[in-house]
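These are my notebook entries on one structure, set down in the order in which I looked things up.

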Amino acid sequence: MTNATTQSHRTVRGLIAGLVAAVPMGALTMMLGLAVGLGFFEPLRLIASALLGEAALDGTFPVLLGLMLHMATGALLGALYARIVRPSASTPAAGIVYGLGVWAAAALVQGAAAPLLAQGLPGWIFALAHAVYGLSLAALLRR
């Protein structure tokens, strides 16, 4: 395979792995959110609030929008991981570091981009969920 073909293949694998890794991340966030007194779908509403503001707190559409944003972001970040981390270097530690790096970057911008998310979801849940995302992603892309 040529280098371009290899990079394309890694990107596609990363998109798929990121999509899959976003599932346990989202499930954990929703379960922990419920455990601390948020509604089960509240994390998805809070994600949608980045685009809808306070209108995301009511109705079904914000839940679906939040789910789509979460899954699309997971896929794109999975593609990025696959491009920067060789499959042989995709260890659990590398995945957790990547997930926590994504968390740190998100935490820097979320106050301005999604203030309801920043205020509504406890930081420890957000951090743990990103570590789970990274760990899942690394496992899926390990060779």
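Entry 1, the largest pocket. I began with the lining of the largest pocket, to which α1, α2, α3, α4 and α6 each supply at least two residues. The model is a predicted one. I recorded about 550 Å³ of space in this pocket. Its lining comprises 25 residues, and those nearest the centre are I47, T73, L117, F126 and H130. I then sorted the lining by class and obtained 18 nonpolar, seven polar and no charged residues.

Entry 2, the largest cavity. I next searched for enclosed space and found one cavity of 30 Å³ or more. The volume of the largest cavity is about 70 Å³. I listed its lining as R10, R13, Y81, A82, V85, R86, P87, S90 and L141. Helices α1 and α3 each contribute at least two residues to that lining. By class I noted five nonpolar, one polar and three charged residues.

Entry 3, helix α1. I checked the length of α1, which has 33 residues. From first C-alpha to last, α1 reaches 47 Å, close to the 48 Å expected at 1.5 Å a residue. Just after α1, I noted that G37 takes a positive phi of about 100°.

Entry 4, helix α3. I applied the length check to α3, residues 61-84. At 1.5 Å a residue its 24 residues should span 34 Å, and the end C-alpha atoms are 35 Å apart, so the two values agree. I listed the buried residues of α3 as P62, V63, L65, G66, H70, M71, G74, A75, G78, A79, Y81 and A82. Their cover includes α1 (3-35), α2 (42-52), α4 (92-113) and α6 (123-141).

Entry 5, helix α6. The 19 residues of α6 should span 27 Å at 1.5 Å a residue, and I found its end C-alpha atoms 27 Å apart, which agrees. Buried in α6 are I125, F126, A127, A129, H130, A131, Y133, G134, S136, L137, A138 and L141. What covers the buried residues of α6 includes α1, α3, α4 and α5 (115-120).

Entry 6, A56. I located A56 in the loop between α2 and α3. Its relative accessibility is 0%, under the 20% limit, so I entered A56 as buried. Which residues does A56 touch, not counting those up to four places away in sequence? I found R45, A48, S49 and P62. I also took the C-alpha separation of A56 and G66, which are ten residues apart along the chain, and obtained 8.8 Å.

Entry 7, Q110. I placed Q110 in helix α4. Is Q110 buried or exposed? With a relative accessible area of 12%, Q110 is buried. Leaving aside neighbours within four places in sequence, I found Q110 in contact with P115, L117, A118 and F126.

Entry 8, aromatic pairs. I counted two aromatic pairs. I examined F40 and F41, whose ring centres are 5.1 Å apart and whose planes stand at 75°; the pair is therefore edge-to-face. I entered F40 as partly exposed because its relative accessibility is 35%. F41 has a relative accessible area of 42% and is likewise partly exposed.

Note on methods: Residues are numbered from 1 along each chain as its sequence is written. This is a predicted model: local features need pLDDT of at least 70, side-chain atom pairs count only at pLDDT 80 or more; totals for chains, interfaces and linings use all residues. Side-chain values use heavy atoms; hydrogens and water are left out. The expected span of a helix is 1.5 Å times one less than its number of residues. Buried means under 20% relative accessible area, exposed over 50%, partly exposed in between (1.4 Å probe, protein chains only). Contact means heavy atoms within 4.5 Å. Rings of Phe, Tyr and Trp (its six-membered ring) pair if their centres lie within 6.5 Å; planes under 30 degrees apart count as stacked, over 60 as edge-to-face and the rest as tilted. On a 1 Å grid over the protein atoms alone, a cavity is a set of points where a 1.4 Å probe fits but cannot get out, and a pocket is an open set with protein on both sides within 12 Å along at least five of seven lines; lining residues have an atom within 4 Å of a point. Grid points are joined across faces, edges and corners, and a volume is the space filled by probe spheres set on the points. Ala, Val, Leu, Ile, Met, Phe, Trp, Tyr, Cys and Pro count as nonpolar, Asp, Glu, Lys and Arg as charged, and the others, Gly among them, as polar.
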